[in-house]
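Q: Hi! Could you walk me through this structure, a bit at a time?
A: Happy to, let's have a look together.

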Amino acid sequence: MTLSLEINKQFKGFSLDAKLEVPAGLTVLFGPSGSGKTTLLNAVAGLVQPERGHIRLGDQLLFDSDRRVNLPVHKRGLGFVFQDARLFPHLSVEKNLNYGRYFAVNKPQAADVNQIIEMLGISHLMARRPAKLSGGERQRVALGRALLSGPKMLLADEPLAALDGARKAELLPYFERLRDELKLPILYVTHSVSEAARLATTVVSMEAGRVLGQGSAAEVLSDPTLVPGGVRGVGTLLQTRVARHSDDGLSELEAGADTLVVPQVAQPVGTPLRVRIAAQDVIVATERPQGLSALNILSGQVLRLRTGEGPGAIVTLQTSAGELHARITRRSLAALKLREGQSCFAIVKTVSIAREDLGQG
Amino acid sequence: MSWLGPQEWQAVALSLKVAFWATLVSLPFAILVAYALARGRFYGRQLLNVLVHLPLVMPPVVTGYLLLILFGSQGALGGVLEAIGLPLAFRWTGAVLAAAIMAFPLMVRAIRLSLEAVDPRLEEAASTLGASRIWAFSTVTLPLAVPGILAGSVLGFAKAMGEFGATITFVSNIPGETQTLPSAVYAFLQVPGGESSAVKLVIIAVAIAVGALLASEYLAQRVARKASGE
């Protein structure tokens, strides 16, 4: 089921002007705060009414200003996960979960209900009131509540933004499982590059109410014209596989012919893992460095050199693990006399790869 | 209640009956108006607000006189109601209307406060789960506001029990039909030797007022706790 829209919405001092085709999978609406991504999401949900345009989900028209169609929120059949969980405080967890099921057109089967509750690990919370839950538990219940309403698509508005680092890490895998196991189309708003890197099958980059571009997570996140913050936000997504856990608190990942050493991951050996490496954490050397503390040295050839207006430049290396972007200064670029096709080495500090940048898939 | 004479007892019973019906009849309208004032963004909202509060600030005798003009036998609405078998003038039903109108602003204020304490984004969440506006209101906002609605009702009931000015102007002071507790106190004070009866009724009136205020305060505290989900 694909979502297509072209909408215009005016606010005081801000206008949203977006045209978008959302394919299946998990699509991340990505951009700095104030870029209009939440407004876009609310328009899809029906919580905000655009002035002009149309929104279509599969063969159903949700909104069309020309044909005067504006399906009310409760008839759109979309699940919504808010940044603040918005659980009903007077109802137990169980009643919160069942709330949407009561109204659902496609009521989920009992087996699916149990699978969802099992997957989210909330079966032991059923009798509790929302006030007695932790932030992460609350958000898991909110996610379950949305899923049990049998939605055609799930909308999530920065669902992890209100949580601390540990809770974030606890919740991210659930979204990965939704993407991989339930095959539910998801539209996910975030300004966090690591969330986008871990979760997205497609990234839509937004800025100042416009869609800058869209593509696979690897494409968009490595493109300085699409990433918020320009060159500073650029990073590489590497597809790796867990090769070995060592007992000094590190894990080795198989990345092409090279090995990447990262802080210990929980996934068992053999699990495919996405690793995001920020371009500014990569050092480029023309010779294999000796006597260096960094554990990750990948060899490759210079594929592209890109310079922007600032003092920074992006060097893209072709390594056996795929393309790898490094952000260096233009001065270093001149000093190293880098040119396309040249062999060189990329150095990545193990500890610079944050745990939240390591994701399944 | 052997220390109450038949006329005194009649007045207390009638007052309870009038106040009960006045509260019951006002309540749905009070909830509706309170919701409109709390959440609505419509043209004329301020006018509605003023209209609702008018009986609170106008002299009750003026309210009673306006009721007499509108709902008396010769009145525009009174004739219609009489034709369908609901006469109001000089009947206990008229006392109910007068008490209901006088209690209405107090009920609306209490209910409005409790509705405003409920996060409107919860209704938004309910609508994304498939609940229509009316369902979202009645399954989320209304239950969360119940203590406030009860508090408003208690206050309204007490106000209806004590209503005097509008009632006596609109439906007079007929023992057994429209002589409510305050009217009876007034009547006893007009005749020599009636003071002991008046004092008994005054004690009952004070007891009801104190009880109502305590109950309303207790319920108001529960609103805050319930809205925060404790």
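Q: What pattern does chain B follow, read along the sequence?
A: Read from start to end, chain B goes α-α-α-α-α-α-α-α-α-α. It has ten helices and zero strands, where helices (H or I, at least four residues) and strands (E, at least two) are DSSP runs numbered from the N terminus. One thing to know early: this is a predicted model, in which local features need pLDDT of at least 70 and side-chain atom pairs count only at pLDDT 80 or more, while totals for chains, interfaces and linings use all residues. Residues are numbered from 1 along each chain as its sequence is written, chains are lettered from A and ligands numbered from 1 in the order in which they are written, and side-chain values use heavy atoms, with hydrogens and water left out.

Q: Cool. What does the C-alpha trace of chain B span?
A: Along its principal axes, about 65 × 40 × 30 Å. Of its 230 residues, 46% count as buried, meaning under 20% relative accessible area (exposed is over 50%, partly exposed in between; 1.4 Å probe, protein chains only).

Q: Which elements line the largest pocket?
A: The pocket has a volume of about 530 Å³. Helix 1 (6–39), helix 2 (45–57), helix 3 (60–71) and helix 5 (92–116) of chain B each give two or more residues to its lining. Of the 20 lining residues, L51(B), P55(B), L97(B), I101(B) and F104(B) are the closest to the centre.

Q: And how does that lining split by class?
A: There are 18 nonpolar, two polar and no charged residues. Here Ala, Val, Leu, Ile, Met, Phe, Trp, Tyr, Cys and Pro count as nonpolar, Asp, Glu, Lys and Arg as charged, and the others, Gly among them, as polar.

Q: Switching topic: how many residues does each chain give to the contact?
A: Chain A gives 20 residues and chain B gives 21, with contact meaning heavy atoms within 4.5 Å. The area buried between the two chains is about 1,900 Å², and carbon and sulfur atoms give 66% of that. Buried area is the accessible area (1.4 Å probe) that two parts lose on being put together, summed over both.

Q: Which residues in chain A lose the most area to chain B?
A: H74(A), R86(A) and H90(A), together 29% of what that side buries. R86(A) sits in the loop between strand 7 (78–81) and helix 2 (93–103) of chain A. Its phi is near 55°, a positive value in a residue other than glycine.

Q: Is R86(A) buried or exposed?
A: R86(A) counts as buried because its relative accessibility is 14%.

Q: And K337(A), buried or exposed?
A: K337(A) is exposed, because its relative accessibility is 64%. It lies in the loop between helix 8 (330–336) and strand 20 (343–348) of chain A. K337(A) also has a positive phi, near 50°.

Q: Last one: where does A326(A) lie, and what is it in contact with?
A: A326(A) is in strand 19 (residues 322–329) of chain A. Leaving aside neighbours within four places in sequence, A326(A) is in contact with A279(A), V282(A), V284(A), A313(A), I314(A) and V315(A). A326(A) counts as buried because its relative accessibility is 0%. Its C-alpha atom is separated by 6.6 Å from that of I283(A), although the two residues are 43 residues apart along the chain.

How values were computed. 1 Å grid on protein atoms, 1.4 Å probe; cavity = no way out; pocket = protein on both sides within 12 Å on 5 of 7 lines; lining within 4 Å. Points joined across faces, edges and corners; volume = space filled by probe spheres on them.
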